[in-house]
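Thank you for letting me take this slot today. I would like to walk slowly through one structure and talk about its inner spaces, its cysteines and its aromatic rings, so please have a look at it with me.

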Amino acid sequence: MKTYLMHRVLLLVCSIFIFSSCTNDDASNYYEEMASSSELFIAGSKNVPTYFFDNEGYFKHNHTAKGIDGFIEGFEEASKSSYAANDVVIENSGSWNLSDALIGSLSNDRKYGSKSVRIRNSGHLIMNFDMTSGVESLSIRHATYGADSSSTWQLVLSYDSGVSWLTVGDVVTTNSTILNTVVYELNELGSARYGILKLSGGSNRVNIDNIEMSIPDVSVGAGVASKDSNITFGNPSDAGVLSDNYYLDNTDYVLSYNNSKGTANWVSWHLSSAWTGTTERCNCFKQDTALPSSFFRATTSNYTNTGFNRGHLCPSADRNGDEDSNENTYYMTNIAPQSPNNNQGIWANFEDYLRDVAAEGNEIHIIAGVAGVGGTGANGAADYIYNNMITVPDTFWKVVLILPNGSDDIARVSSSTRMIAINVPNDQGISSDWTQFTTSVDAIEVLTGYDLFENIPNTIESVIEAVVDSGPAIQ
């Protein structure tokens, strides 16, 4: 399984804006039946802080080296007079694809200077090039064209050179004739490209101008802890937009959400000492509104008096480097019903152990998830909680890959790289010693049907994923 499930952009738009009252089966059927309706393949969503400013907002810099130092693109050097889909090459930034969009220079076009992009219907403006050094923040100026009424649009992002896309941050409503500013704090370290997709408003037109990229400072030396991608080694279930395998990037971790179960299938994250600090645990469990509105969105009260803990998959203490990161771990999409003895005993002990490993100069790529139905909590056995909307797992599993701090992690994996896998019954009265529950990554793959760490070369993967880890020593 080497590629994301790819579905057309209209499917996600409909699930969010049109079919908010449809059933989950209706939504899934619609995804399948209408898969040929538009041009961009949407593979899920990425949840990032989105900030809105009246008038022009702020300008951060004026770099001109595309993909290296960042840039501001004002489209002053571009020409495109037709709405027909076509590419435009701009010296300041690179090649852009405009569909149902043109470069406007009329008096009704809202713009800085003499030109801006004008988008109508369900058109888009997307980059044909990658920001190879990542993007720290992205700012966009937007306004209505002429006397047109309001429209909505959303930022999109692609990690695979435009083959598939994620929707990013909040939906933006453009309803002012003055160029206002929206800022996305992406903190994206990897190579990616970006675009703007118009969602609603029909023939109402939106002007887009002065798209500003700034890149992160990633100048770290060999052996220095850094924050890496949370999904370096692949998408285990080829998660996309289907309701039972929905791809969601919550900035500090990536997950596959299962709407039928009301929990994640799996959560993937990177751990090093760069992620950890002294921020206090916020205990701020919250509904995840980044899920499509047709999906079930658990709340913290759904777990009250059930006898099960609100069990983190990505731990709070793995993301205590700052308040925002810690709060992100309290989205209910990162939570599953976990027996108190499991959560507070063996699961917590293994989490502590891995943070000790990271503190010794290592970085760890982690995937955790749930399997099966039925566990035993403080109130006894149960298969479901909250009117059968949330499935109680039979087991909690976790797989980890450990490397010394460094860069180019995939290339550094060898047949001697340490991997640890555990599969723990979701029951009371179990041992708190995580070494009693070790298994192989291969066994977890058989249990789940996922292709874990798929980006490891096959000759190495077949060796290290068959090993059952033998000891707790920090390496």
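Let me begin with the empty spaces, and with a word of care, since what you see is a predicted model. By class, the lining of the largest cavity is made up of six nonpolar residues and five polar ones, with no charged residue among them. This cavity encloses about 60 Å³ of space, and the structure as a whole holds four cavities of 30 Å³ or more. If you would like to find the largest cavity on your screen, look for Asn 230, Ile 231, Thr 232, Phe 233 and Gly 234, which are among the residues that line it, together with others including Trp 269, His 365 and Phe 453. Two elements give two or more residues to this lining, namely strand 16, residues 263–271, and strand 19, residues 362–371. Of these, strand 19 makes the largest contribution, with three residues.

The second largest cavity holds about 40 Å³ of space, and here the lining divides into nine nonpolar residues, one polar residue and no charged ones. Among the residues around this cavity are Trp 96, Met 127, Leu 138, Tyr 194, Gly 195 and Ile 211, and I would ask you to keep Trp 96 and Ile 211 in mind, as we shall meet both names again. The elements that give two or more residues to the lining are strand 8 (135–144), strand 12 (193–200) and strand 13 (206–214), and the largest share, three residues, comes from strand 12.

Now I move from cavities to a pocket. The second largest pocket has a volume of about 510 Å³, and 27 residues line it, of which Asn 47, Val 48, Gly 169, Asp 170 and Ala 290 lie nearest its centre. Several elements give two or more residues to this lining, including helix 1 (9–18), strand 10 (165–174) and helix 3 (323–328). The largest share is that of strand 10, which supplies four residues. Whereas the linings of the two cavities hold no charged residues, the lining of this pocket has six, beside eleven nonpolar and ten polar residues.

Let us turn to strand 4, residues 70–73. Which of its faces are covered? Both of them are, with Gly 70 and Ile 72 buried on one side and Phe 71 and Glu 73 buried on the other. Strand 4 runs antiparallel to strand 13, and four bridges join the two. In one of these details we meet a familiar name, for the bridge partner of Glu 73 in strand 13 is Ile 211, a residue that also lines the second largest cavity.

Next come the aromatic rings, of which 13 pairs are counted. In one of them, Phe 75 and Trp 96 meet edge-to-face, with 5.6 Å from centre to centre and 70° between the planes. Because Phe 75 sits in the loop between strand 4 and strand 5 while Trp 96 belongs to strand 6, this pair ties together parts that are 21 residues apart in sequence. Phe 75 is buried, at a relative accessible area of 1%, and Trp 96 is buried as well, at 2%. A second pair, Phe 350 and Tyr 353, is stacked, with 6.4 Å between the centres and 10° between the planes. These two are three residues apart in helix 4, residues 340–359, and are therefore separated by about one helical turn; both are buried. Going back to the pair with Trp 96, I should add that Phe 71, Phe 75, Trp 96 and Phe 129 form one aromatic cluster.

I shall finish with the cysteines. As a reminder, a disulfide is a covalent bond between the sulfur atoms of two cysteines. How many disulfides does a search of the whole structure find? It finds one, and this disulfide joins Cys 282 to Cys 284, with 2.0 Å from S to S. The torsion about the S-S bond is about -65°, so the disulfide is left-handed. Cys 282 is partly exposed, with a relative accessible area of 26%, and Cys 284 is partly exposed too, at 23%, while Cys 314, at 0%, counts as buried.

Thank you for listening, and I am happy to go back to any part of this.

Technical notes: Residues numbered from 1 in each chain as written. Predicted model: local features only at pLDDT ≥ 70, side-chain atom pairs only at ≥ 80, totals over all residues. Heavy atoms only, no water. 1 Å grid on protein atoms, 1.4 Å probe; cavity = no way out; pocket = protein on both sides within 12 Å on 5 of 7 lines; lining within 4 Å. Points joined across faces, edges and corners; volume = space filled by probe spheres on them. Nonpolar A, V, L, I, M, F, W, Y, C, P; charged D, E, K, R; others polar. Disulfide = S-S within 2.5 Å. Buried < 20%, exposed > 50% of the residue type's maximum accessible area, 1.4 Å probe, protein only. Pairing = 2+ DSSP bridges. Phe/Tyr/Trp six-rings, centres within 6.5 Å; stacked < 30°, edge-to-face > 60°.
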